Amino acid sequence: MTPRNMTTMSGFLLMGFSDNHELQILQALLFLLTYLLGSAGNFIIITITTLDPQLQSPMYYFLKHLSILDLSSLSVTVPQYVDSSLARSGYISYGQCMLQIFFFTGLAWSEVALLTVMSYDRYVAICLPLHYEVIMSPRKCTWAVAAVWLSGGISGTLFTASTLSIRFCGHKIIHQFFCDIPQLLKLSCSNDDFGLLKVSTFIAVMGFACFMGIAFSYGQIFSTVLRMPSAEGRSKVFSTCLPHLFVVSFFLSTGICAYLKPTSDSPTTLDFMLSIFYTVLPPTLNPVIYSLRNQSLKRAIKKLLLSE
């Protein structure tokens, strides 16, 4: 696409990771493989937590919704990039870009909120076991998940509305494989991105509050676990808590690094790796991470895969 066309086109040009067409095809195939594996893993988690009567506790109810979020998150960015790479265009329309922003930011915030709820669930189960059924009743769990999805919708709406107010000019090239907000801010013609910065600051403060909630929950959990006299009891607790703690740490640390790192006109390999780490790898690896040390999930997965 010529510079003149890139200036006058209504949409954007996603540069992805390479200008070389052969490498683009290879990357598209790797992304497609990752998408299929991640979709299959999350679909299996959704299926067994829905159908297996032994996996109906609040922990698995929240895990099912986490898998729904992960499956949706993968579907927002990866298929479009694979399609544009194989078509050798890299073009994404303005409307498609705004939809990506809405769903990506909404789902990302929903995941942060749900991970916070899941850490609270583990805190109540381990530190307040006698009150667990009252505090985490089915009705309250349903309300918690509804609040997670609603907050995600609000977050996506705020980000999209503030992005719509920005005027873009110059070569509308996004050095990313999806419509990433930091890259879009570089294309702003004037100082009309103040609204988006205010929304980003608000969401960052709320995200920090969620992080503090998660840190408090796990501080209390580890304090309780260390006082347990039974090694078997400690092992059982760690088998359910460590996967969740790893998922939270991986998702938040890579996302924070990617968004706090200043954007450059010539993105490095590190920039692209960070974007993959917080957009593609967490939703792909979450089913594996949660299944590694959870015997109930392992048995349910074997039962599903081996059933005739």
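The buried residues of helix H6 pack against four helices: H3, H4, H7 (181–185) and H8 (194–226). In this predicted model, the buried set of H6 comprises Cys141, Val145, Val148, Gly152, Ser155, Gly156, Phe159, Thr160, Ser162 and Thr163. H6 itself covers residues 138–164, a run of 27 residues. From the first C-alpha to the last, H6 reaches 39 Å. The expected value at 1.5 Å a residue is also 39 Å.

H8, one of the packing partners of H6, can be checked in the same way. Its 33 residues should span 48 Å at 1.5 Å a residue. The end C-alpha atoms of H8 lie 47 Å apart, so the span agrees with the expected one. H8 has its own list of buried residues. Leu196, Val199, Ile203, Gly207 and Cys210 are on it. Ile214, Ser217, Tyr218, Ile221, Thr224 and Val225 are on it too.

These helices belong to a chain of 308 residues, of which 48% count as buried. The protein chain holds 12 helices and three strands. Contacts between residues 24 or more positions apart make up 77% of those with a separation of 6 or more. The chain exposes about 15600 Å². Carbon and sulfur atoms supply 69% of that area.

Leucine 245 gives a local view of the fold. This residue is found in helix H9. Leucine 245 touches Tyr218 and Phe222, leaving aside residues up to four places away in sequence. Tyr218 is one of the buried residues of H8. The C-alpha atom of leucine 245 is separated by 9.2 Å from that of leucine 115, although the two residues are 130 residues apart along the chain. Is leucine 245 buried or partly exposed? Its relative accessibility is 23%. Buried means under 20%, so leucine 245 counts as partly exposed.

Empty space within the model was examined next. Rolling a probe the size of a water molecule over the atoms shows where empty space is left. A search of the whole structure finds two cavities of 30 Å³ or more. The second largest cavity has a volume of about 120 Å³. Its lining includes Met59, Leu63, Met118, Asp121, Arg122 and Ser239. Thr240, Pro243, His244, Tyr290, Asn294 and Leu297 also line this cavity. Helices H3 (58–86), H4 (94–127) and H9 (231–260) each supply at least two residues of the lining. H9 gives the most, with four residues. By class, the lining of this cavity has six nonpolar, four polar and two charged residues.

The second largest pocket was described in like terms. Its volume is about 380 Å³. Seventeen residues line this pocket, and the closest to its centre are Met59, Arg122, Lys236, Val237 and Thr240. The elements that give two or more residues to the pocket lining are H3, H4, H9 and helix H12 (295–306). H9 again supplies the largest share, here five residues. The pocket lining has seven nonpolar, seven polar and three charged residues. Met59, Arg122 and Thr240 appear in the linings of both the second largest cavity and the second largest pocket.

Notes: Residues numbered from 1 in each chain as written. Predicted model: local features only at pLDDT ≥ 70, side-chain atom pairs only at ≥ 80, totals over all residues. Heavy atoms only, no water. Buried < 20%, exposed > 50% of the residue type's maximum accessible area, 1.4 Å probe, protein only. Contact = heavy atoms within 4.5 Å. Areas by Shrake-Rupley, 256 points an atom, 1.4 Å probe, with all protein chains shown as cover. 1 Å grid on protein atoms, 1.4 Å probe; cavity = no way out; pocket = protein on both sides within 12 Å on 5 of 7 lines; lining within 4 Å. Points joined across faces, edges and corners; volume = space filled by probe spheres on them. Nonpolar A, V, L, I, M, F, W, Y, C, P; charged D, E, K, R; others polar. Expected span 1.5 Å × (residues − 1).
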